[in-house]
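Here is a short report on a predicted model. It looks at how two helices pack and how two domains meet.

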Amino acid sequence: MNKVLLFNPRSATWKYRIPNSVLQIAASIEGLFEWVIVDANRERDPYQKIRSYLRTGEFRYIGFTVMPGPQLKQAIPFARHVKEEFPGTQMIWGGYFASNQHKPVLNSGFVDFVINGPGDHAFPQLLEALENGTPYELIKNLIYKTGGKIVKNAKEDLIEQATLPNLPYDKLDKLYPLEVYLGKTYLGNKTLAYHSSVGCPFTCSFCAVVPIYGGRWKGKTASQVYEDVVYIKNKWKADSIEFHDNNFFVSEKRVAEFARLIKKENMIWWGEGRIDTIDKYKDETLALMREAGCKMIFFGAETGNDEILKKMDKGGTQSAAQIGSFAARMARFDIIPEYSFVLGTPGDTPGQVMRQIDSDIAFIKEIKAINPATEIVIYTYSPVPTEGSDMYQKTLDSGFRFPEVLEDWISPQWENFDLRKNPLTPWLTPEMIDKIRDFETVLNGYYPTVSDIRLNGFKRKLIHFLSGLRYKTNFYGYPYEIKLLHRIWRYRQPEIQGF
Ligand code: B12
Ligand code: SF4
């Protein structure tokens, strides 16, 4: 039986997280194929490590997980080199980038298959087919090229998460000691990254989750999540959890049940949710969550403009008024709302785009006045290929195009696009981008994020004081003095580094 190598390209220079994507894929073939993981976050020379495995001649299947941004810097050249050096291997890519940008990936000539969304069934089925020389043409969630044409197979219904095998933490621990993955964060000294559900029941038009999951969501049960967490707590001493779900809080019942179970374990936790969903939670659930360790929740606030909220297809119920009142409600329960905003959405005229940026800046300041503990994360609107969405259509109409050649994705301009720093959308002028970035710098100076654990009290006070006049007088241009301190102190930006 040929072996499988799973590769996680580098995404972090410190604060490593358990590579859940490849670990879950490893779980899907556990007992069927022998596998190893190469985690570039934990290797000095990851390509050398890959090569040393492949030189044994035992590995035929190479799986890469690829999300947009810095992971591409290794994924693209490494995949090319593997194919050149070991032409007998089969290269299979999965993850958000691979799924949403499957055309340039498959046209590159060095990726043989893409798994579109969950690979838990598709991956073992594909390997079995390749191993036995049987057809793979009917495997759901598979995309491949035949006769020069890309074939996108049907999507599989979302898998009941309770039926999935446990993640092979102990085996990962043998390859890379697990405790190094439990890093120090704002939440605790040993933070576990855990993924308890897939997809999201909403269809926001700017979100990369939508083309893959199409508004569907499935979660593990509260007790399954609890058991996994306690296993890691007891064995490797985790004291806090980052829930990496797209939307951890879809079901109030599941969250309340989990909170009841985890309360006695003294764990601090964080996850991502929606304002309009959690605003429907009962007061007693919110109080229970806080008591059970929920310290901060990430929310897509997006904008203070109700019209645009509708266009973003937020599900229709989130409004500017609710964003404000909910920030106040969170303060009552001592849970920090981490609000992300998407600035620079398309408008009919340049004047309208600029006015919208100004009004979003004013709205963010209003939110800060309502609940100063609110953490603000600012993104510039970066299109995702959600076919059929108005916003994506408007983006295409404006002349925007994704690169068609895979290597173009690692050019500096597209890396900035992935990091949502420079969206390359034709309607945003350099002046508009500067205004967003400069406001962000001043805001981060006046209200440094609590998630930067390296910033001590003195530094916080100094930069807050230095940014005060600019913040209060709305003078954001050329904030070089704040930028300099950010650079010297290596200020942490969740929008670039990922939460
Ligand atoms: C953890 C995470 C990170 C980690 C790194 C993870 C790692 N691999 O080392 C960190 C924090 C570093 C990170 C950073 C960024 N991230 Co990130 N990240 C996530 C997050 C929250 C969870 C991913 C995960 O572990 N999922 C759990 C696994 C089990 O699910 P999965 O990855 O979907 O895997 C399944 C399938 O996709 C498939 N699959 C995946 N890989 C493979 C491989 C093979 C071989 C096969 C067969 C199948 C397969 O099968 C798996 C099991 O069913 C996702 C959102 C989400 N909830 O998924 C965002 C997400 C992937 N990140 C995203 C982005 C944009 C980024 C950033 C580029 C920017 C940012 N501001 O966040 C930065 C880049 C910074 C950097 N240094 O790289 C976006 C991608 C959006 C897009 N346009 O495609 C997402 C979707 C978040 C979002 N909703 O916007 N991220
Ligand atoms: S609620 Fe969040 S995860 Fe769900 S579709 Fe909207 S932006 Fe994406």
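H10 and H12 are oblique to each other, because their angle of about 40° falls outside the ranges for roughly parallel, antiparallel or perpendicular. Their axes lie 9 Å apart. The crossing is left-handed. Helix H10 covers residues 252-262, and helix H12 covers residues 283-291.

Which residues of H10 and H12 meet? From H10 come Glu252, Val255, Ala256, Ala259 and Arg260. Across from them, H12 supplies Thr285, Leu288 and Met289. By class, this contact has five nonpolar, one polar and two charged residues.

Now the domains. The chain is divided into domain 1, residues 3-152, and domain 2, residues 182-390. Their centres, taken over C-alpha atoms, are 30 Å apart. Domain 1 puts 11 residues into the contact, and domain 2 puts in 12 residues.

Which helix gives the most to the side of domain 1 that touches domain 2? That is helix H4, residues 96-100, with three residues. The residues on this side of domain 1 divide into four nonpolar, five polar and two charged.

The table sets out the make-up of the two surfaces by class.

| Surface | Nonpolar | Polar | Charged |
|---|---|---|---|
| Contact of H10 with H12 | five residues | one residue | two residues |
| Side of domain 1 that touches domain 2 | four residues | five residues | two residues |

To recap the helix pair: H10 and H12 pack at about 40°, with a left-handed crossing.

Technical notes. Residues numbered from 1 in each chain as written. Chains lettered and ligands numbered in written order. Predicted model: local features only at pLDDT ≥ 70, side-chain atom pairs only at ≥ 80, totals over all residues. Domains from an automatic or database assignment. Contact = placed C-beta atoms within 7 Å. Helix = DSSP H or I, 4+ residues; strand = E, 2+ residues; numbered from the N terminus. Nonpolar A, V, L, I, M, F, W, Y, C, P; charged D, E, K, R; others polar. Axes fitted to C-alpha atoms, helices over the stretch in contact; angles between N-to-C directions. Parallel < 35°, antiparallel > 145°, perpendicular 65-115°, else oblique. Left-handed = near helix turned anticlockwise from the far one by under 90°.
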